[in-house]
Amino acid sequence: MKKTNVLAFCFKTIPSAIMGIIKPLQLLQKQQLLNFVYKESRHVSNEDISIADVIICIRGAEQLDVDKITLGKNKGKYLIYFLDDDLLNIGGLSRSYNKAYFERKDIKNNIKSIMDICHCLWTTNKNIAEKYRLSFEKVSVTNAPALLLKYDKPDIMGHDNLNEAITIGFAGGTDHKTYFNQMMYRPFQSIINKYGYKIKFEIIGFKNYSMKNIPITVFPYRENYEQYVSFLLSRKWDIAVAPLNNTEFHSCKYFNKFLEYSSIGATGIYSNVEPFTYIVKNGENGLLVDNTIIEWTNGLMYLIDSKEKRLDISRNAYEFVKNNFDINKVAAEICSCIPHLVNYENIRINGDGDKK
């Protein structure tokens, strides 16, 4: 049987494209279940579109993306729109480096046009699926894999050498900066006041000028994903924090920080909001705290003081992620949820293909 030719494109090769699409589909190609090609949007040719059976537009918002999808429609291709953010509602954020971009009328119209043209919505969040269900013939919700699991299992006990300080870390882009400062400044100050040199803080991604009186080591964000993964593993954090706003937009995000923190053997402490509440079992594979200064302070102190509980949570989280988010398992789930990726030619020939 002819293998499906799958083409995916994104305006830029961002981590969510690598996690959600590129790595799982590369694995499916290695398993000889499909033929897969990924390119950045500007490099996609008319010939690429002609060869493809299935085309995946990853977070498309540019006119160029609309043009590629329109050409695919005219050529009778099966079209998928991949979204792991609610791009039409990012403007509700008080501050964001990309807020102005997504508030532009032309960008919103481009996103709506892609939704109108595509047959299938592929997302990693059930809230996005429910919100835009009526705009597509088919909606598929799958997980993205924990890519850090391809590396060796972390030495969790090695994170807690009695002669070393406990390290509390955070990894994120500049769009996290404002809320991180607002929520974590006073808890971090309280931790320093109580524990002093016994605690170290590290941030990967941005400088915290509002926390200049707190001893925090800052590392720049790694644009190259493989370098980012390698560097994150090298930090050997004991505790990792993930504060998140309680907004409609943030409830549509993916719980990637849970996967990253669990994979590196850190004990994660998370805001008690969606999407973390979908996956974190409080006190078992992570700690959930309400978004108040006292809750975050108490949660951090609990993990610092309770060594055995901290290590139990990190072990449980690692095993949970290994058992549920291994890339082989996620790839198989994708095949089941979106059979067009591996069987579109057969579906089309038998007259059962979706039409729009």
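**Notebook: salt bridges, sheet and aromatic pairs**

I looked up Arg315 and noted a relative accessible area of 32%, which makes this residue partly exposed. The model I am reading is a predicted one. For Asp312 I noted 36% relative accessible area, so Asp312 is partly exposed as well. I then checked the contact between the two side chains: Arg315 and Asp312 form a salt bridge, with 3.1 Å between the closest N and O atoms. Both residues belong to helix 12 (residues 307-324), and because they are three residues apart there, about one helical turn separates them.

**Salt bridges across the chain**

I asked how many salt bridges the structure holds. The count is 15.

I turned to Lys2 and Asp53, whose side chains meet in a salt bridge at 2.9 Å, N to O. Lys2 is in the segment before strand 1 (5-10) and Asp53 is in the loop between helix 2 (46-51) and strand 3 (54-58), so this salt bridge ties together parts of the chain that are 51 residues apart in sequence. Is each partner buried or partly exposed? Lys2, at 41% relative accessibility, is partly exposed. Asp53, at 9%, is buried, because buried is set at under 20%.

I next examined Glu202 and Arg235, which form a salt bridge of 3.0 Å, N to O. I placed Glu202 in strand 8 (residues 199-204) and Arg235 in helix 8 (residues 225-235); the pair therefore ties together parts 33 residues apart in sequence. Glu202 has a relative accessible area of 7% and is therefore buried. Arg235 reaches 22% relative accessibility, so I entered Arg235 as partly exposed.

I also recorded a network of salt bridges that links Arg59, Asp84, Asp85 and Lys253.

**The six-stranded sheet**

I traced an open sheet of six strands, in the order 9-8-7-10-11-12, with parallel pairing. Which strands stand at the edges? They are strand 9 (216-219) and strand 12 (287-289); each has a single partner strand, so one side of each lacks a neighbour in the sheet. From one strand to the next, the twist averages 25°.

At the strand 9 edge, I found four bridges joining strand 8 to strand 9, and the two strands run parallel. Phe201 has Ile216 in strand 9 as its bridge partner. I then looked for a helix against this sheet: helix 11 (residues 293-305) packs on the sheet and touches strand 7, strand 8, strand 10 (239-242), strand 11 (267-271) and strand 12. The direction of helix 11 makes about 170° with that of strand 11.

**Strand 4**

I checked the cover of strand 4 (residues 78-83) and found that six of its six residues are buried. On one face these are Tyr78, Ile80 and Phe82, and on the other Leu79, Tyr81 and Leu83, so I recorded both faces as covered, in keeping with the limit of under 20% for a buried residue. Strand 3 and strand 4 run parallel and are joined by five bridges. Opposite Phe82 in strand 4 stands Ile58.

**Ile338**

I located Ile338 in the loop between helix 13 (327-337) and helix 14 (340-349). Its relative accessible area is 0%, so Ile338 is buried. I listed its contacts, leaving out residues up to four places away in sequence: Ile80, Trp122, Lys138 and Ser140. I also took the C-alpha to C-alpha distance from Ile338 to Val141, which is 9.3 Å, although 197 residues separate the two in sequence.

**Aromatic pairs**

I took as a pair any two rings whose centres lie within 6.5 Å. By this rule the count is 16 aromatic pairs. I examined Phe170 and Phe180: their ring centres are 4.5 Å apart and their planes stand at 35°, so I entered the pair as tilted. Phe170 is in strand 7 (residues 166-171) and Phe180 in helix 7 (residues 177-195), 10 residues apart, and the pair links distant parts of the chain. Phe170 is buried at 1% relative accessibility, and Phe180 is buried with a relative accessible area of 1%.

I found one aromatic cluster formed by Trp237, Tyr254, Phe255, Phe258, Tyr261, Tyr270, Phe276, Phe320 and Phe325. My last entry concerns a charge and a ring: the charged end of Arg222 sits over the ring of Phe231, at 3.9 Å from the ring centre.

Terms used: Residues numbered from 1 in each chain as written. Predicted model: local features only at pLDDT ≥ 70, side-chain atom pairs only at ≥ 80, totals over all residues. Heavy atoms only, no water. Phe/Tyr/Trp six-rings, centres within 6.5 Å; stacked < 30°, edge-to-face > 60°. Buried < 20%, exposed > 50% of the residue type's maximum accessible area, 1.4 Å probe, protein only. Lys NZ or Arg CZ within 6 Å of the ring centre and 35° of its normal. Contact = heavy atoms within 4.5 Å. Salt bridge = Lys/Arg side-chain N within 4 Å of Asp/Glu carboxyl O. Pairing = 2+ DSSP bridges. Axes fitted to C-alpha atoms, helices over the stretch in contact; angles between N-to-C directions.
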